[in-house]
Amino acid sequence: MLSTTHSLVSAIIVSKIPSPAISFPLVIITHYLIDSIPHWDTGSGLSNGTKTRKQSFFHTLIDLTTAATVVLLLFQIGKSLSIRLWLGVLLGISPDLVESPALFLNYRPSPIDKLEKFHDYFHRSWKLPYGLIPQVIIIAIVLLILYFT
Ligand SMILES: [Zn+2]
């Protein structure tokens, strides 16, 4: 999934479940669960050569910037800075961040190689534009929970 999708899911979990002892593990579990839904993300196309590492890196920077901006606008405007929220968001994208040296630099020291294999076990890809459909649905669910609960 895009970092934007993971970040919004993480933010809604952390904002609705005040205890980090519950919300933080749930954020990690949710990352792998929603990655198992076929999707497109900024790393899609790297393994089959339809995208270069440079393109993927640039798209990832756009995605991370979008993620931070959307979380800021939806969860922080008019509220005091929440370290817990941002830690939860960071945790929610951490499986992808940990994998970034392998993805962009082809650098896989242990335990990055093991984490990458674990991540790949769950990860299901889908081409554009279909790979965005599940993410639009997930984000819509996040917005419904945010505004109606
Ligand atoms: Zn992931």
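Start by selecting Leu115 in this predicted model: leaving aside residues up to four places away in sequence, Leu115 touches Val98 and Glu99. Leu115 belongs to helix α5, residues 112-122. Is Leu115 buried, exposed or in between? Count the C-beta atoms around Leu115: 16 others lie within 10 Å, so Leu115 is partly exposed, since buried would take 20 or more. Now add Ile141 to the selection and draw a distance. The two residues are 26 apart along the chain, and their C-alpha atoms are separated by 29 Å.

Next, the loops. Go to the one between α4 and α5, where you'll find Pro111. Show the peptide bond joining Ser110 to Pro111: it is cis, with omega at about 10 degrees. Stay in that loop and pick Asn106, which also lies between α4 and α5. Its phi is near 55 degrees, a positive value in a residue that isn't glycine. For background, most residues other than glycine have a negative phi, and most peptide bonds are trans. Asn106 counts as exposed because it has 8 C-beta neighbours inside 10 Å, and the cut-off for exposed is 12 or fewer.

Hop along to the loop between α5 and α6 and select Pro129. Here is another cis peptide bond, this one joining Leu128 and Pro129, with omega at about 0 degrees.

Now for the helices. Select residues 3-16 for α1 and 83-105 for α4, and colour the two separately. They pack with their axes 8 Å apart, at an angle of about 140 degrees. That angle makes α1 and α4 oblique to each other, as roughly antiparallel would need an angle over 145. Which hand does the crossing of α1 and α4 have? It's right-handed.

To see who makes the contact, turn on side chains on both helices. From α1 you want Ser3, His6, Ser7, Val9, Ser10, Ala11, Ile13, Val14 and Ser15. Facing them from α4 are Arg84, Leu85, Gly88, Val89, Leu91, Gly92, Ile93 and Asp96. Colour this contact by class and you get 8 nonpolar, 7 polar and 2 charged residues.

Keep α1 on screen by itself for a moment. From its first C-alpha to its last, α1 reaches 20 Å with 14 residues, close to the 20 Å expected at 1.5 Å a residue. Bring everything else back, and α1 turns out to be largely enclosed by the rest of the structure, because 12 of its 14 residues are buried. The buried ones in α1 are Ser3, Thr4, Thr5, His6, Ser7, Leu8, Val9, Ser10, Ala11, Ile12, Ile13 and Val14. What do these buried residues pack against? Their partners are α2 (20-35), α3 (53-76), α4 and α6 (133-148), so highlight those.

Last helix: α3. Its end C-alpha atoms are 33 Å apart, which agrees with the 34 Å that its 24 residues should span at 1.5 Å a residue. Pick out Thr60, Asp63, Ala67, Val71 and Phe75, the buried residues of α3. These pack against α1 and α4, the pair of helices you coloured earlier. Finish just after α3, on Gly78, where phi is positive at about 80 degrees.

Terms used:
Residues are numbered from 1 along each chain as its sequence is written. This is a predicted model: local features need pLDDT of at least 70, side-chain atom pairs count only at pLDDT 80 or more; totals for chains, interfaces and linings use all residues. Axes are lines fitted to C-alpha atoms, for helices over the stretch in contact, and angles run from 0 to 180 degrees between N-to-C directions. Helices (H or I, at least four residues) and strands (E, at least two) are DSSP runs, numbered from the N terminus. Angles under 35 degrees count as roughly parallel, over 145 as roughly antiparallel, 65 to 115 as roughly perpendicular and the rest as oblique. A crossing is left-handed if the near helix is turned anticlockwise from the far one by less than a right angle, and right-handed if clockwise. Two residues are in contact if their C-beta atoms, placed from the backbone, lie within 7 Å. Ala, Val, Leu, Ile, Met, Phe, Trp, Tyr, Cys and Pro count as nonpolar, Asp, Glu, Lys and Arg as charged, and the others, Gly among them, as polar. The expected span of a helix is 1.5 Å times one less than its number of residues.
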